[in-house]
Amino acid sequence: MDVFLQQLMNALQWGSFYALIAIGYSMVYGVLMLFNFAHGDIFMVGAYIGFFVSSGLLALNLGSVIGLSTGVELGLVLVLTLIISMLLNSIVGMGVERIGYRPLREAPRASAAITGLMIGIILETANLALLGPQRRSFPELIPTTTITIAGASVTNKKILIVIVSLVLALLVHQFVQRTKWGMAMRAMAYDYVVVPLMGISSDRIALMTFAIGSALAAAAGILFGIAYPVLDPNMGILFGWKAFVAAILGGRGSILGAALAGFLLGFIEIFVTMIFPSTMRNLIAFGIILIILTFRPHGFFGEPFSAQLRL
Amino acid sequence: MYFSVENLSVSYGNIRALHDISFNVNEGEIVCIIGANGAGKSTTLRAISRLVPAHEGSKMVFQGKDLLKLPPDKVVTELGISHVPEGRRLFGNLTVKENLTLASFARTDDDAIQRDLDRVFTIFPRLKERMNQKSGTLSGGEQQMLAVGRALISARKFMLLDEPSMGLAPLLMADVFDALQEINDEGTTILLVEQNARLALQFAQRGYVLENGNMVLEGSSKELLDNPEVKKAYLGG
Ligand SMILES: Nc1ncnc2c1ncn2[C@@H]1O[C@H](COP(=O)(O)OP(=O)(O)OP(=O)(O)O)[C@@H](O)[C@H]1O
Ligand SMILES: [Mg+2]
């Protein structure tokens, strides 16, 4: 039982990264009918931004300057790092939309997909060129403590990561369902062309979609850095592909679907390795997903319409 | 001049859809453009809404403002021009209420929005009963009502209507046109395009005839209804 609980927490943590990245994939796919294949690398950039922001904040030595205890200082640094990095990464995402995708609005979708792959490679290699090949270690923002729940030992980090991810996913879901901007996003998912006739700038909605997705990717990057404090320029590739799979599995444009599928993927991977050799992890995980898609071709919560892209 | 179009040309890729057409609309008028399939009627309305780009040299002026300088959302919000597009194009995944709310996206005059909503429900009481239904599941007539209602909320100075009669039974059609007349009586100028030439000319005060992307005739509705060529080509003899 305790082993199961422990693995459950591992799965929830691992799934958190997929979930947060998948939401951004799914939103862009939903609103713009576009696979933003640069999104995994936007996650990587977010992790690096988090690294620089937190290192910078720690160097400011807020603790001794304004007289805070170490614990409070670290907590403050963590919160500020999350907020500042999410803002900065949303600017990165909007830049990718404005420079990379907007000129291709009317282009065939395949051209836009290729553009995404190229932007991703540019981000990876730019990172390599500017920062060099050495890995960075993410500063320790939370000193690890271990809590025992029902015989299972769980770290405070894991609990924090899972809670932050769930809160962010629910916030974005509420935003899309309840605000007028969210409503505009859903409208755009259905009929891209006539949204401007409602007096809405579709370019702005597109930017907002990228901004939100990239902010979540930055959060994922920082949480990843907290759990696995080693960053390298290629860290976004595999995460990106898997989150993409989760986004499709969740259903086009569905925030909760993407989150759910992200967690599911985390579960499958962790529990497969519990039973089978780890070399079989991806084989079994993707096999299961193929089977699910066979029976639910629109994913968990996908609506069976595709966007109207033409007059 | 309230609204004037001069030498408007539009192409889709290499295909020229409009050839230097010119026409105008006076404040408070109902004007129609009639023409066969593929004549360029919808394209004309799309050009006014800036959904398709116009050729260099085209001129469109609305209340003294150069319309071609504005992006499509500003045509709605800054000029007050609304557009009921061909095929209605409702957001079928949103409810009736959400479709109407979305149309007020850029407006901040909450009291006036509420008044406009009440007005829409007075004109189309059916919509009020269906508030929480997904618009994709409405009947064709209800969808047309919602399309017009939505346009009224988005802007109400000048309304562009693309074939509001399409797919409606005669009785419902009469309802919709009665509602449009009411909307016009309250001060909304209307530009209507229709394949159903008789209906359009009975409703409008003036009309234009579009043929293969060229404006070939214009006149008062009465003149056009009596014109032998119009009779032969568009009124069934
Ligand atoms: N999105 C498009 N892409 C390419 N060509 C188009 C497009 N829309 C219209 N056309 C072409 O432009 C011309 C004018 O079309 P338009 O839709 O304006 O005609 P219409 O008068 O509204 O016809 P209908 O009465 O059938 O609605 C036609 O030859 C049509 O094939
Ligand atoms: Mg048409």
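Contact here means heavy atoms within 4.5 Å. By this criterion, in the predicted model, M27(A), G30(A), V31(A) and L32(A) of helix α1(A) meet M185(A), M188(A) and A189(A) of helix α7(A). The contact between these helices comprises 6 nonpolar residues, 1 polar residue and no charged residues. Helix α1 of chain A spans residues 2–32 and helix α7 of chain A spans residues 180–190; their axes come within 6 Å and cross at roughly 60°. The two helices are therefore oblique to each other.

A second helix pair in chain A is formed by α6 (residues 156–178) and α8 (residues 202–227), whose axes come within 10 Å and cross at roughly 175°. Because angles over 145 degrees count as roughly antiparallel, α6(A) and α8(A) are assigned to that class. On the side of α6(A), the contact is made by K157(A), I161(A), V164(A), S165(A), L168(A), V172(A) and F175(A). The partners contributed by α8(A) are M208(A), I212(A), L216(A), A219(A), L223(A), I226(A) and A227(A). Of the residues in this contact, 12 are nonpolar, 1 is polar and 1 is charged.

Between the chains, 23 residues of chain A are in contact with 25 residues of chain B. Chain A and chain B bury about 2,200 Å² between them, and 69% of this area lies on carbon and sulfur atoms. L197(A), M198(A) and L311(A) account for 34% of the area that chain A buries against chain B, more than any other three residues.

In chain B, the magnesium ion (ligand 2) has as its protein donors S42(B), through OG, and E86(B), through OE, at 2.0 to 2.4 Å. These donors link distant parts of the chain, being 44 residues apart. S42(B) belongs to helix α1 (residues 41–48) of chain B, whereas E86(B) lies in the loop between β6 (81–84) and α3 (96–103) of chain B. S42(B) has a relative accessible area of 10% and is therefore classed as buried. E86(B), at 32% relative accessibility, counts as partly exposed.

Backbone geometry was also examined. Most residues other than glycine have a negative phi. N61(A), which is not a glycine, has a positive phi of about 60°. N61(A) is found in the loop between α2 (39–59) and α3 (62–66) of chain A, and its relative accessibility of 41% makes it partly exposed. In chain B, R50(B) has a positive phi near 65° and is likewise a residue other than glycine. R50(B) is placed in the loop between α1 and β4 (59–62) of chain B and, at 22% relative accessibility, counts as partly exposed.

Methods: Residues numbered from 1 in each chain as written. Chains lettered and ligands numbered in written order. Predicted model: local features only at pLDDT ≥ 70, side-chain atom pairs only at ≥ 80, totals over all residues. Heavy atoms only, no water. Donors = N, O, S within 2.8 Å, 3.2 Å for Na, K, Ca; no water. Helix = DSSP H or I, 4+ residues; strand = E, 2+ residues; numbered from the N terminus. Buried < 20%, exposed > 50% of the residue type's maximum accessible area, 1.4 Å probe, protein only. Axes fitted to C-alpha atoms, helices over the stretch in contact; angles between N-to-C directions. Parallel < 35°, antiparallel > 145°, perpendicular 65-115°, else oblique. Nonpolar A, V, L, I, M, F, W, Y, C, P; charged D, E, K, R; others polar. Buried area = accessible area lost by both parts, 1.4 Å probe.
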